[in-house]
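Trainee: Got a minute? I'd like to go through this one with you.
Mentor: Sure, put it up.

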Amino acid sequence: MTANPVLLIHGFASSFALNWQETGLSYLLEDAGREVIGVDLLGHGDAPKPHEPSAYADLGARVVDALPADGHAVDAVGFSMGARTLIDVASANPERFDRIVLAGVGENLFATDGTSSEAVAHAIETGDGGPGGIAALFVQFASGSGNDPQALAACMRADRPPITEAQLAAITTPVLVVIGDKDFTGPGDRLASMLPNAELKVLRNVEHFATPKDFGFIDATLEFLGAVPA
């Protein structure tokens with residue numbers, strides 16, 4: 001039987017090229033004989049970059065469009081915003097996914113206060129994240145090549161409700177939750193416990209933005225997907 005393609009979904013202010021090609025994960029998967037499906041979410045990479053928050057209400061649309069037209073199931077890896085989007089898509093289309101890796105998400109998925117998102121959006125627009133803190137990190141990361149600050153701010157302001165228990169219950173496929181012990185989105189215990197068939201991998205001394213390039217994350221992902229290169 002042919003192994004599933006692997007769908008890779010990047011994080012906020014990143015792209016398929018930055019999160020998955022630059023870190024080497026996409027090439028390692030290909031070396032293991034897996035087809036890689038790369039997605040650039042709206043506002044990122046080579047995707048259109050509208051400036052209206054309403055345009056970003058359904059980030060999962062581009063993920064659904066990238067699924068195989070023949071209905072074949074895929075394995076999937078999502079980081080940060082990509083993991084949040086993957087939950088939306090997989091909970092609505094569970095039959096399209098066999099194994100899922102959710103990285104860089106945890107308690108943040110259940111937050112109901114949008115204040116922090118607005119603060120980050122404003123910081124990205126103005127280029128001023130203040131003296132340190134999470135907003136400053138996002139400003140630094142968003143200043144990367146090819147990013148449109150207005151599009152990223154609009155994406156951050158889009159209305160996305162917290163993940164629900166019903167959504168997580170719908171994802172019965174095996175899931176690996178990976179999060180660094182220094183990640184501001186964590187911990188990941190509640191997320192892993194609410195998924196019907198999940199295991200949790202905690203990366204030691206790893207912060208949020210370092211996760212995609214961390215060897216512990218890469219090794220755990222390849223092993224979980226059965227895609228260790230020969």
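Trainee: Is F184 buried, partly exposed or exposed, and what is its relative accessibility?
Mentor: Keep in mind that this is a predicted model. F184 has a relative accessibility of 34%, so F184 counts as partly exposed.

Trainee: How many aromatic pairs does the structure hold?
Mentor: There are 5 aromatic pairs. Take F138 and F184 as one of them. Their ring centres are 6.1 Å apart and their planes stand at 65°. That angle is over 60 degrees, so the pair is edge-to-face.

Trainee: Where do F138 and F184 sit along the chain?
Mentor: In distant parts of the chain, 46 residues apart. F138 belongs to helix α6, residues 133-142. F184 is in the loop between β5 (175-180) and α9 (189-194).

Trainee: And F138, buried or exposed?
Mentor: F138 is buried, at 9% relative accessibility.

Trainee: How are the rings of F184 and F209 arranged?
Mentor: Their centres lie 6.3 Å apart with the planes at 55°, so this pair is tilted. It also links distant parts of the chain, 25 residues apart. F209 is in the loop between β6 (198-203) and α10 (215-224). F209 itself is buried, with a relative accessible area of 16%.

Trainee: Which residues do the ring pairs link into a cluster?
Mentor: F12, F138, F184 and F209.

Trainee: Switching to charges. Which ring does R190 sit over?
Mentor: The charged end of R190 is over the ring of F110, 4.1 Å from the ring centre. R99 makes a similar entry: R99 lies over the face of F224, at 4.2 Å from the centre of that ring.

Trainee: Next, H10. Where is H10?
Mentor: In the loop between β1 (6-9) and α1 (16-21). H10 is buried, with a relative accessible area of 0%.

Trainee: What lies 2.9 Å from a polar atom of the H10 side chain?
Mentor: The backbone nitrogen of L41.

Trainee: Which residues does H10 touch, leaving out those up to four places away in sequence?
Mentor: Among them are F16, W20, V39, D40, L41 and H44. F79, M81 and G82 are on the list too.

Trainee: M81 and G82 are in α4, right? What can you tell me about the length of that helix?
Mentor: Both are among the buried residues of α4. The helix covers residues 81-92, 12 residues in total. From first C-alpha to last, α4 reaches 17 Å, close to the 16 Å expected at 1.5 Å a residue.

Trainee: How many of the residues of α4 are buried?
Mentor: 10 of the 12, so α4 is largely enclosed by the rest of the structure. The buried ones include R84, T85 and S91, along with L86, I87 and V89.

Trainee: Last one, D75. Where is D75?
Mentor: In strand β3, residues 74-79. D75 is buried, with a relative accessible area of 3%.

Trainee: Which side chain is joined to that of D75 by a polar contact of 2.5 Å?
Mentor: The side chain of R34. The D75 side chain also makes a polar contact with the side chain of N4, at 3.2 Å.

Trainee: What else is D75 in contact with, leaving aside neighbours within four places in sequence?
Mentor: The contacts include P5, V6, L7, D98 and L225. R99 is there as well, the residue that lies over the face of F224.

Methods
Residues are numbered from 1 along each chain as its sequence is written. This is a predicted model: local features need pLDDT of at least 70, side-chain atom pairs count only at pLDDT 80 or more; totals for chains, interfaces and linings use all residues. Side-chain values use heavy atoms; hydrogens and water are left out. Rings of Phe, Tyr and Trp (its six-membered ring) pair if their centres lie within 6.5 Å; planes under 30 degrees apart count as stacked, over 60 as edge-to-face and the rest as tilted. Helices (H or I, at least four residues) and strands (E, at least two) are DSSP runs, numbered from the N terminus. Buried means under 20% relative accessible area, exposed over 50%, partly exposed in between (1.4 Å probe, protein chains only). A charge sits over a ring if NZ of Lys or CZ of Arg is within 6 Å of the ring centre and within 35 degrees of the ring normal. A polar contact is a pair of N or O atoms within 3.5 Å; within protein, one must be able to donate a hydrogen and the other to accept it, and residues adjacent in sequence count only if both atoms are side-chain atoms. Contact means heavy atoms within 4.5 Å. The expected span of a helix is 1.5 Å times one less than its number of residues.
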